[in-house]
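Hi everyone, thanks for making time for this. I'd like to walk you through one model today, and I'll try to keep it friendly and short. Here it is on the screen.

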Amino acid sequence: MKIVNHLLSTIIITFVSFSALATTYPVTLTDIDGQKITLQQEPKRVVLQDGRDILTLALLDRNNPFNRVVAWNNNLKKTDPKTVELLGQKWQADMQEIPDMGFNDKGEVNTELVIAQKPDVLIAQLRAKPALEGSGVVSRLKEANIPILYIDTFLQPVKNTTASIDILGQALNKETEAKAYTDFYQSHLTAVQQTTAKIKQQPQVFIEAKAGANGSDSCCFTHNNAGWGGMVQATGAKNIGSQFLPGASGTVSLEQVLTSKPDVYIVTGSRWINKNSIAAPFGYGVTEKENQSSFERLENRIGFNQISAVKNGRLYGVYHNFYNHPYNIVGIEYLAKFIYPEQFTTLKPEDTYNQIITTFTTIPVADAIWGSQAKH
């Protein structure tokens, strides 16, 4: 009888806990921009301003992240076609039905197409707000009574990623799923920072974002306190880009990089659709041979082999999209492992990625390389 009572108590507690995390509508949310948005009912029709946020929905609408999406900016097809291909293995029919609203550098969107889908909400990255306002998208959506909910995984990646997922969990009635992932994220971040907090020496790190994506003559695009810069700082290291850039991103000259004498040099890469690209490929379907040969191409750029970290064998690479990605904890773990190899000998960020996919999503599992060190 005691066993039966214990089981009943456990079931009741579990049910109550689950119910407590269900959203009651109408609900008023405060998004990452600080604006209050009231949703009268659970959104069933959603527009994504940034296609990478389909990977956030994969954490929430686990059976089918495309289930609510009625329009999106499929920027992944240019920056990581292999991820789009992988998602298509399971949800191709759904993907084909969803129109691509576009989103260019000026913030121009096919607003008519978006409004025609009769969405309940548009989910946008906070970094895109100035462009959306400047192009008139915000005012036109306001006239159509379509709210914009701002999230952020770029401007303050460590602070705002979990907050953004919690907000979306509440908005979409997926609070239980959101909390499961954010708890996982926080536990991994805490483990990294507890170790790095004990390290007195702060290494100088330079991140060359999209290294070689525009050909062999380009160097050295980077981030300041946002994106990769914020992720470097989360590990307790010094981000060289923050010393030179007034904005979130920009170019630091090779001469400035040489003078800064970085202890660690990290390039970010992906499979960009660009015939001039010599970037290091990372992500799904990448082989070690093509990954390593790309390091040689990057090192052959004029003056590159004179950089202190490169001369000392401290050249690394990591998947570019982690800079604005709900799974950026994997990128943070790679940074920790690259910057402090002696303190993180047993850390396996690739296992963290696989755990995210298998535990919190139903995205198909596939071979990938997310980070590596130049071995020659």
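Let me begin with a definition: two strands pair if DSSP finds at least two bridges between them. Keep in mind, too, that this is a predicted model.

With that in hand, look at T268, which stands opposite V318 in β13. That couple belongs to a parallel pairing of strand β11, residues 264–269, with strand β13, residues 315–319, over five bridges. Another position along the two strands is G269, which stands opposite Y319 in β13.

Where do these strands sit? They are part of an open sheet of five strands, in the order β9-β7-β11-β13-β15, with mixed pairing. At the edges stand β9 (238–239) and β15 (371–373); each has a single partner strand, so one side of each is left without a neighbour in the sheet. Helix α13, residues 288–299, packs on this sheet and touches β11, β13 and β15, and its direction makes about 60° with that of β15.

On the other flank of β11 we find β7, residues 204–208, and these two pair in the parallel sense over four bridges. Here F206 stands opposite Y265 in β11.

So how many residues of β11 are buried? Six of its six, and the strand is mostly covered. V264, I266 and T268 point one way, Y265, V267 and G269 point the other way, and all are buried.

Now let's stay with V318 for a moment, since we met it as the partner of T268. V318 lies in strand β13. Is V318 buried or exposed? Its relative accessible area is 0%, and V318 is therefore buried. Leaving aside residues up to four places away in sequence, V318 touches I266, V267, T268 and G269, along with W228, F282, Y334, F338, W370 and G371.

One of those contacts, W228, takes us to helix α10. This helix covers residues 227–234, and seven of its eight residues are buried, so it is largely enclosed by the rest of the structure. The buried ones are G227, W228, G229, G230, M231, V232 and A234. If you compare A234 with V318, they are 84 residues apart in sequence, and their C-alpha atoms are 16 Å apart in space. Just after α10, please also note G236, which takes a positive phi of about 90°.

Let's turn to the other sheet I picked out. It is an open sheet of four strands, ordered β4-β3-β5-β6, with parallel pairing. The edges are held by β4 (69–72) and β6 (148–151), each with a single partner strand, so one side of each is left without a neighbour in the sheet. From one strand to the next, the twist averages 25°.

Within that sheet, strand β5, residues 121–125, runs parallel to β6, and four bridges join them. If you'd like a pair to click on, A124 has Y150 in β6 as its bridge partner. A helix packs here as well: α8, residues 157–171, touches β5 and β6, and its direction makes about 150° with that of β6.

Next, a helix pair. The axes of α9, residues 175–196, and α15, residues 328–339, come within 10 Å and cross at roughly 10°. Angles under 35 degrees count as roughly parallel, and that makes α9 roughly parallel to α15. From α9, the contact uses Y181, Y185, H188, L189 and V192, while α15 brings N328, I329, I332, E333 and A336. By class, the residues of this contact divide into seven nonpolar, two polar and one charged.

Last stop: the cysteines. How many disulfides does the count come to? One disulfide, and it joins C219 to C220, with 1.8 Å from S to S. The link of C219 and C220 is right-handed, with 80° about the S-S bond. As for accessibility, C219 counts as partly exposed at 26%, whereas C220 is buried at 0%.

If you take one picture home, let it be strand β11: six of its six residues are buried, with β7 pairing with it over four bridges and β13 over five. Thanks for listening, and I'm happy to rotate the model for anyone who wants another look.

Conventions. Residues are numbered from 1 along each chain as its sequence is written. This is a predicted model: local features need pLDDT of at least 70, side-chain atom pairs count only at pLDDT 80 or more; totals for chains, interfaces and linings use all residues. Side-chain values use heavy atoms; hydrogens and water are left out. Axes are lines fitted to C-alpha atoms, for helices over the stretch in contact, and angles run from 0 to 180 degrees between N-to-C directions. Angles under 35 degrees count as roughly parallel, over 145 as roughly antiparallel, 65 to 115 as roughly perpendicular and the rest as oblique. Contact means heavy atoms within 4.5 Å. Ala, Val, Leu, Ile, Met, Phe, Trp, Tyr, Cys and Pro count as nonpolar, Asp, Glu, Lys and Arg as charged, and the others, Gly among them, as polar. Buried means under 20% relative accessible area, exposed over 50%, partly exposed in between (1.4 Å probe, protein chains only). A disulfide is a pair of cysteine sulfur atoms within 2.5 Å.
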